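Here's a quick look at a few spots worth finding on the model. Have the sequence and the 3D view open side by side as you read.

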Amino acid sequence: MNTQEDGDQNKDATRRLSTTLARVLREISRDFDRRVTRRLVERGHTDFSLSHQVVFSNMGLGRTRVTELAARAQITQQAMGKTLRELEALDYVERAVDTTDRRARAIRLTPRGEQLARETVECIEEVKREYAEKIGAQALEELESRLRTAAARLELDYLPPAWADAGEP
């Protein structure tokens, strides 16, 4: 092979690596999360950051353990613990002794965290409307439906069962 062929192959490989399905899905996910976070900050949650979404998108409104949150988010317990400490200092979550296992700590939302969760749902709906304006409501519905179907068929077992089964989030 000559240098020109090597260069062309490298360009092709680089282009293909930067346009994979995973990359497209990741960029859409990041964009969606940034838009939601920006709206939350605009609503007065100026101490909430993009990195905190990992807790809220995996927690729900009940109690859960750090190990469960970390598994759902697919991050280490240490990383989840760090994020939870930040959110605890900001009064979005609190830790309590787990009633089913006194050695473990259960995490739950504080009233401020519950308010943030409600506002997050509102912001998600706003972002979905914005996306629908850009790509069309039907296209967005079909995309979400197909992604949920794919998640269920791929047996992504780290997701809470209700998530994959839900027709609507």
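## Ile 135 and the greasy patch

Ile 135 sits in helix 6, which covers residues 111-135 (helices are DSSP runs of H or I with at least four residues, strands are E runs of at least two, and both are numbered from the N terminus). Ile 135 is partly exposed, at 45% relative accessible area (under 20% is buried, over 50% is exposed, and partly exposed falls in between, using a 1.4 Å probe and protein chains only).

Ile 135 joins Leu 21, Leu 25, Leu 143 and Leu 147 in a nonpolar surface patch with about 440 Å² of accessible area together. Helix 2 (21-42) and helix 7 (137-153) are the elements that each give two or more residues to this nonpolar patch. Patch members need over 30% relative accessible area and no salt bridge, with nonpolar side chains (Val, Leu, Ile, Met, Phe, Trp, Tyr) joined within 5 Å and like charges within 9 Å. A salt bridge here puts a Lys or Arg side-chain nitrogen within 4 Å of an Asp or Glu carboxyl oxygen. The areas are Shrake-Rupley values with a 1.4 Å probe, and for residues only the protein chains shown count as cover.

## Two positive phi values

Gln 74 is in the loop between helix 4 (66-73) and helix 5 (77-89). Gln 74 isn't a glycine, yet its phi is positive, near 60 degrees. Gln 74 is exposed, at 53% relative accessible area.

Asp 91, in the loop between helix 5 and strand 2 (93-98), is another non-glycine with a positive phi, about 65 degrees. Asp 91 is partly exposed, with 43% relative accessible area.

## Where the numbers come from

This is a predicted model, where local features need pLDDT of at least 70 and side-chain atom pairs count only at pLDDT 80 or more, while totals for chains, interfaces and linings use all residues. Residues are numbered from 1 along each chain as its sequence is written, and side-chain values use heavy atoms, leaving out hydrogens and water.
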